[in-house]
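Open the model in a viewer with the sequence panel visible. The stops below go strand by strand, then residue by residue.

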Amino acid sequence: MLPQELGNGTEVPVVAHLYDEPLVAAGAHDFHNLYIVYFPVSHRTAVFWLIQHEY
């Protein structure tokens, strides 16, 4: 669905993934995943930031 909405239907998107695991509290964890999807022909970008909490 995403390539049809943001791309021209034939271009190949470039995907970057960044990850961080910041210290939030003793015994707790946060997992941050940032995905950047860039369509080089149509010059459009989609950004997804996913955060998972574990206690």
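Strands here are DSSP runs of E with at least two residues, numbered from the N terminus. By that assignment, Asn 33 lies in strand β3. The model is predicted.

**Stop 1: the strands around β3**

Select residues 28–39, which make up strand β3, together with residues 14–20, which make up strand β1. The two strands pair in the antiparallel sense, with seven bridges between them. To find one of the bridges, pick Val 14, whose partner in β3 is Tyr 38.

Next, add residues 23–25, strand β2, which is also antiparallel to β3 and is joined to β3 by two bridges. Leu 23 is the residue standing opposite His 29 of β3. The hairpin of β2 and β3 has two residues between the strands, and Gly 27 there has a positive phi near 80 degrees.

Then select residues 44–54, strand β4. How many bridges join β3 to β4? There are 11, and the two strands run antiparallel. Phe 31 can be used as a marker, since Gln 52 in β4 stands opposite Phe 31. Four residues separate β3 from β4 in their hairpin, and His 43 in that turn takes a positive phi of about 60 degrees.

**Stop 2: Tyr 38**

Stay in strand β3 and centre on Tyr 38. Is Tyr 38 buried or partly exposed? Tyr 38 counts as partly exposed because its relative accessibility is 32%, and the partly exposed class runs between 20% and 50%.

Draw a C-alpha to C-alpha distance from Tyr 38 to Val 14: the value is 5.1 Å, for a sequence separation of 24 residues. Beyond its neighbours within four places in sequence, Tyr 38 contacts Pro 13, Val 14, His 43, Arg 44 and Thr 45. One of these, His 43, also makes a side-chain to side-chain polar contact with Tyr 38, at 3.0 Å.

**Stop 3: Asn 33**

Move along to Asn 33. Its relative accessible area is 16%, so Asn 33 is buried, the limit for that class being under 20%.

Show the residues that Asn 33 touches, leaving out those up to four places away in sequence: His 17, Leu 18, Tyr 19, Phe 48, Trp 49 and Leu 50. Which side chain makes a polar contact with the side chain of Asn 33? It is His 17, at 2.8 Å. For Trp 49, the C-alpha atom is 5.8 Å from that of Asn 33, with the two positions 16 residues apart along the chain counted as their separation.

**Stop 4: His 32**

Select His 32, another residue in strand β3. His 32 is buried because its relative accessible area is 16%. A polar contact of 3.3 Å links the His 32 side chain to the side chain of Trp 49. Apart from residues within four places in sequence, the contacts of His 32 are Leu 18, Tyr 19, Asp 20, Pro 22, Trp 49, Leu 50 and Ile 51.

In a regular strand, side chains alternate between the two faces of the sheet.

**Stop 5: a surface patch**

Finish with Leu 2, Phe 48 and Leu 50, shown as a surface. These residues form a nonpolar patch with about 260 Å² of accessible area together. Leu 2 belongs to helix α1, residues 2–6. Leu 2 counts as partly exposed because its relative accessibility is 31%.

How values were computed:
Residues are numbered from 1 along each chain as its sequence is written. This is a predicted model: local features need pLDDT of at least 70, side-chain atom pairs count only at pLDDT 80 or more; totals for chains, interfaces and linings use all residues. Side-chain values use heavy atoms; hydrogens and water are left out. Patches are made of residues with over 30% relative accessible area and no salt bridge: like charges are joined within 9 Å, nonpolar side chains (Val, Leu, Ile, Met, Phe, Trp, Tyr) within 5 Å. Accessible areas come from the Shrake-Rupley method with a 1.4 Å probe; for residues, only the protein chains shown count as cover. A salt bridge is a side-chain nitrogen of Lys or Arg within 4 Å of a carboxyl oxygen of Asp or Glu. Buried means under 20% relative accessible area, exposed over 50%, partly exposed in between (1.4 Å probe, protein chains only). Two strands pair if DSSP finds at least two bridges between them. Contact means heavy atoms within 4.5 Å. A polar contact is a pair of N or O atoms within 3.5 Å; within protein, one must be able to donate a hydrogen and the other to accept it, and residues adjacent in sequence count only if both atoms are side-chain atoms.
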